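Visitor: Please give me a close look at one part of this model, the charged pairs and the sheet and helices around them. I would like the details in one connected account.

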Amino acid sequence: MRTIFKDSINLISVLNIRKIWNVILVYSTYYLSYLMGKVFTPPHPISISIEPTNNCNLKCSQCPSGNGASQRKKGAIEPELYEKILREVSGKLCYLNLYFQGEPMLVSSFFRMVNLAKTFSLYVSASTNGHFLSEKECNQLIDSGLDRIIISLDGMSQESYAAYRIGGDLSFVLQGIETLIRIRKARGVNKPFIELQFLVFKHNEDEIPAARRYAASVGADKLSLKSAQFYDLQNDGKNLPEAEEYSRYKKLKDGTLTIKSKLHNHCFRMWSSLVIGWDGAVIPCCFDKNADYQLGNLKKEPFLEVWKGSEYSYFRSKILHDRKSIPMCCNCTEGL
């Protein structure tokens, strides 16, 4: 509880009058758009995700990047592009997530990326599969100023863990988690906030109690139980957990899956956040895994021209009037 409080203070500490006013305007334009059925463009996002790379050391079965289903070119963000983006977005931005697809800690400049973002007064988080948490790297994480790290922990036995994290080594991940927690404690700091994330499938749901015990015993700050996203709704029913609370789908009589959430014609994400690919592509949200709905490219255009441009406005209008016509939205948990 004490660490959660300190994490909240870390987030609050990046705020100033400009950022608070922007948050108010984002919520105002969103609700006006929703109530009136007309797009009122938000002045600036509250949070963004920047993808350091879409390369990964694992071959996770439900990850388009890992399993080879993604048609996106592989690569890593250029330092010059990253700095350009930060300079254009940082004035009113609160939250930066250094992740979209891939493993961000594969990028040699990852720690410098975090450190640079901190100089722009941003709360910075990142997600990792936990295979790059050696003693040296844990110290570098702390030195970089990273505020939050989400570490994937999708099983408490090697068999169940590797059923999804193909090519992964659970013992290596556990060692990394414990190393980071030990070093953070020894150095007397409260950052990064350490969140363990457990994707629930049929094959690992019986290990949830063990995951809870482990998180508590090692001193992790949070354990998140997350429902898995499936892409083959005709055949992935076999992977659905038995406990309904851990699934974003329901199984039909023929064995196929359908999303449980109702597809309302609104989505706060389109007013508050966005994703930027390693190649500069502006993507509406993290559900667009294949970058099918690119709204601009920051290698060619200034950020605000894209954010306030006609393509973004048209996409927001589609969300307000015909969201079900956007395929990625039909597999979205917004509203669950």
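**Charged pairs and their setting**

Guide: Glu51 is buried, because its relative accessible area is 0%, and the cut-off for buried is under 20%. The model is a predicted one, so every value here is computed from predicted coordinates. Glu51 forms a salt bridge with Arg72, and the closest N and O atoms of the two are 2.6 Å apart. Both residues sit in the loop between S1 and helix H3 (79-89), yet the pair links distant parts of the chain, with the two positions 21 residues apart. Arg72 also counts as buried, because its relative accessible area is 11%. In general terms, side chains of opposite charge can pair when their charged atoms come close.

The whole structure holds 14 salt bridges. One of them lies within helix H3, where the side chains of Glu88 and Lys84 meet at 2.9 Å, N to O. These two are four residues apart in H3, which means that about one helical turn separates them. Glu88 is partly exposed, with a relative accessible area of 29%, and Lys84 is partly exposed at 28%.

Another salt bridge joins two helices. Arg182 pairs with Glu135, with 2.8 Å between the closest N and O atoms. Arg182 belongs to helix H7 and Glu135 to helix H5 (residues 135-144), so the contact ties together parts that are 47 residues apart in sequence. Arg182 is partly exposed at 44% relative accessibility, and Glu135 is partly exposed at 43%. A further set of salt bridges shares partners and joins Asp7, Arg148 and Glu195 into one network.

Helix H7, which carries Arg182, covers residues 170-187. Its 18 residues reach 26 Å from first C-alpha to last, close to the 26 Å expected at 1.5 Å a residue. The buried residues of H7 include Leu170, Val173, Leu174, Ile177, Leu180, Ile181 and Ile183. Gly176, Thr179 and Arg184 are also among the buried residues of this helix. Gly188 follows H7 and has a positive phi, near 70°.

The loop between H7 and S5 contains Pro192. The peptide bond from Lys191 to Pro192 is cis, with omega near 0°. As a rule, most peptide bonds are trans.

Next comes the sheet. Strand S5 (residues 193-200) runs parallel to strand S6 (residues 222-227), and six bridges join the two. From S5 the chain passes through helix H8 (residues 208-218) to S6, in a β-α-β crossover that is right-handed. One bridge partnership across this pair is that of Phe198 with Leu225 in S6.

The open sheet has eight strands in the order S6-S5-S4-S3-S2-S1-S9-S10, and its pairing is mixed. S6 and strand S10 (282-283) are the edge strands, each with a single partner, so one side of each has no neighbour in the sheet. Strand S1 (residues 47-50) runs parallel to strand S9 (residues 273-276) and is joined to it by four bridges. Within that pair, Ile48 has Leu274 of S9 as its bridge partner.

Two loops elsewhere have unusual backbone angles, given that most residues other than glycine have a negative phi. Ser121, in the loop between helix H4 (110-119) and strand S3 (123-128), has a positive phi near 60°. Ser121 is partly exposed, because its relative accessibility is 35%. Ala291, in the loop between S10 and helix H10 (303-307), has a positive phi near 55°. Ala291 counts as buried, because its relative accessibility is 11%.

Arg323 lies in the segment after helix H11 (310-322). Arg323 is buried, because its relative accessibility is 1%. Its C-alpha is 7.1 Å from that of Leu263, although the two positions lie 60 residues apart along the chain.

For contrast with the charged pairs, there is a nonpolar surface patch of about 690 Å². Phe5, Ile9, Ile12, Leu15, Ile20, Trp21 and Ile24 make up this patch. Helix H1 (2-12) and helix H2 (17-36) are the elements that give two or more residues to the patch. Leu15 lies in the loop between H1 and H2 and is partly exposed, because its relative accessibility is 34%.

Methods. Residues are numbered from 1 along each chain as its sequence is written. This is a predicted model: local features need pLDDT of at least 70, side-chain atom pairs count only at pLDDT 80 or more; totals for chains, interfaces and linings use all residues. Side-chain values use heavy atoms; hydrogens and water are left out. The expected span of a helix is 1.5 Å times one less than its number of residues. Buried means under 20% relative accessible area, exposed over 50%, partly exposed in between (1.4 Å probe, protein chains only). Two strands pair if DSSP finds at least two bridges between them. A crossover is right-handed if, with the strands pointing away from the viewer, the path from the first strand over the helix to the second runs clockwise. Patches are made of residues with over 30% relative accessible area and no salt bridge: like charges are joined within 9 Å, nonpolar side chains (Val, Leu, Ile, Met, Phe, Trp, Tyr) within 5 Å. Accessible areas come from the Shrake-Rupley method with a 1.4 Å probe; for residues, only the protein chains shown count as cover. A salt bridge is a side-chain nitrogen of Lys or Arg within 4 Å of a carboxyl oxygen of Asp or Glu.
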